[in-house]
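Work through the exercises below with the sequence and the model open beside you. Try each task before you read its solution.

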Amino acid sequence: MARCLEIEAATAPTNRYLADVADEFTTTRGELTLGVVDGVVAGFGKLTVLFDGSAWLELLRVHPDYQRQGVGNHIYGRYLEQIRAFGCHQAAMYTGVRNVASAALAEKNGLHRGAVLRGMSLEVANAPQLEGGPMELAGTGEEVARLLEPLEEQLGGRLNINHTFYAMNRATYGGFAARGWVYHSPDALLVMGARFQPKKALYIAALQGDREQGLAWALAEARRRGVPRITAHFPVEDSQSQAFYQAHGFAVDPSDDVVMEGAF
């Protein structure tokens, strides 16, 4: 783990989170894989089996001294072995739209470009004070499905929590209900939560209907939990969502994200 933290610091100095998720990444279904060159850990990556049995490929990092030597492809080879062993019907990952090398590696291993999503973030301390009525949790997967199935095309078929882009389907809805990530009222729908690092940020995966009410509830939850930031994701072509978030103080994240996905 110490070596993996060194690799993360060398490759992603402003996006370091392995230490915070190490317990989850070493206990959830799916392997934290090491790429080793001459006895030296040169890179690592995580495969996680999601609610619907699909594989999510994340946190692939290769030390700069070992890049362009096949380490990333070696880790993908192990990903593919696990995909077959776990019987995963699909696999996906995300990368920044400008990260050509990451997308090319994914394509080489059977994934193709899917939805492009934009992120926008707001520091809760700078957020406006909004008034909104109460919302309640959707308690079952059936209830979540009723709320979200009509929105699947509009939302690009993916829901983002902690940059994990979950495919919208019945199994995912059951998982979201179990985690307590779906809130609703007669006028508003809010999908929001944190897969990990719950004290650092909450992620809005969908905000529909009376958006003022939903955002008011999201901010109240963030303040109640002492969470400093809210991030929202939506399809890049959704100009209405971008205008709404900008009007309420959100700033566009530095890069759009592209989901790379494939069937197996």
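**Exercise 1. Find the residue of strand 12 that is the bridge partner of R118, and then follow strand 5 to its other partners.**

Step 1. In strand 12, R118 has F234 as its bridge partner; strands here are DSSP runs (E, at least two residues) and helices are DSSP runs too (H or I, at least four residues), both numbered from the N terminus. The model is a predicted one, in which local features need pLDDT of at least 70 and side-chain atom pairs count only at pLDDT 80 or more, while totals for chains, interfaces and linings use all residues. Residues are numbered from 1 along each chain as its sequence is written, and side-chain values use heavy atoms, with hydrogens and water left out.

Step 2. Strand 5 and strand 12 (residues 229-235) are antiparallel and pair over 7 bridges, where pairing requires that DSSP finds at least two bridges between two strands.

Step 3. Strand 5 (residues 112-123) also pairs with strand 14 (residues 257-263), again in the antiparallel sense, over 4 bridges, and here H112 has E261 as its bridge partner.

Step 4. Strand 13 (residues 251-252) runs antiparallel to strand 5 and is joined to it by 2 bridges, with A251 standing opposite S121.

**Exercise 2. Describe how helix 7 and helix 8 cross, and list the residues that make the contact.**

Step 1. The axes of helix 7 (residues 211-225) and helix 8 (residues 239-247) come within 12 Å and cross at roughly 55 degrees; axes are lines fitted to C-alpha atoms, for helices over the stretch in contact, and angles run from 0 to 180 degrees between N-to-C directions.

Step 2. That angle makes helix 7 oblique to helix 8, since angles under 35 degrees count as roughly parallel, over 145 as roughly antiparallel, 65 to 115 as roughly perpendicular and the rest as oblique.

Step 3. On the helix 7 side R211, E212 and L215 make the contact, and on the helix 8 side Q240, S241 and F244 do, contact meaning heavy atoms within 4.5 Å.

**Exercise 3. Work out which residues of helix 3 meet helix 4, and at what angle the two helices pack.**

Step 1. Helix 3 (residues 71-86) packs against helix 4 (residues 100-108) at an angle of about 40 degrees, with the axes 10 Å apart, and the two helices are therefore oblique to each other.

Step 2. From helix 3, G72, N73 and Y76 meet L105, A106 and K108 of helix 4.

**Exercise 4. Classify the aromatic pair formed by F25 and F196.**

Step 1. Rings of Phe, Tyr and Trp (its six-membered ring) pair if their centres lie within 6.5 Å, and planes under 30 degrees apart count as stacked, over 60 as edge-to-face and the rest as tilted. By this rule the count comes to 15 aromatic pairs.

Step 2. The ring centres of F25 and F196 are 6.1 Å apart and the planes stand at 85 degrees, so the pair is edge-to-face.

Step 3. This pair links distant parts of the chain, with F25 in helix 2 (residues 18-25) and F196 in the loop between strand 10 (188-193) and strand 11 (202-209), 171 residues apart.
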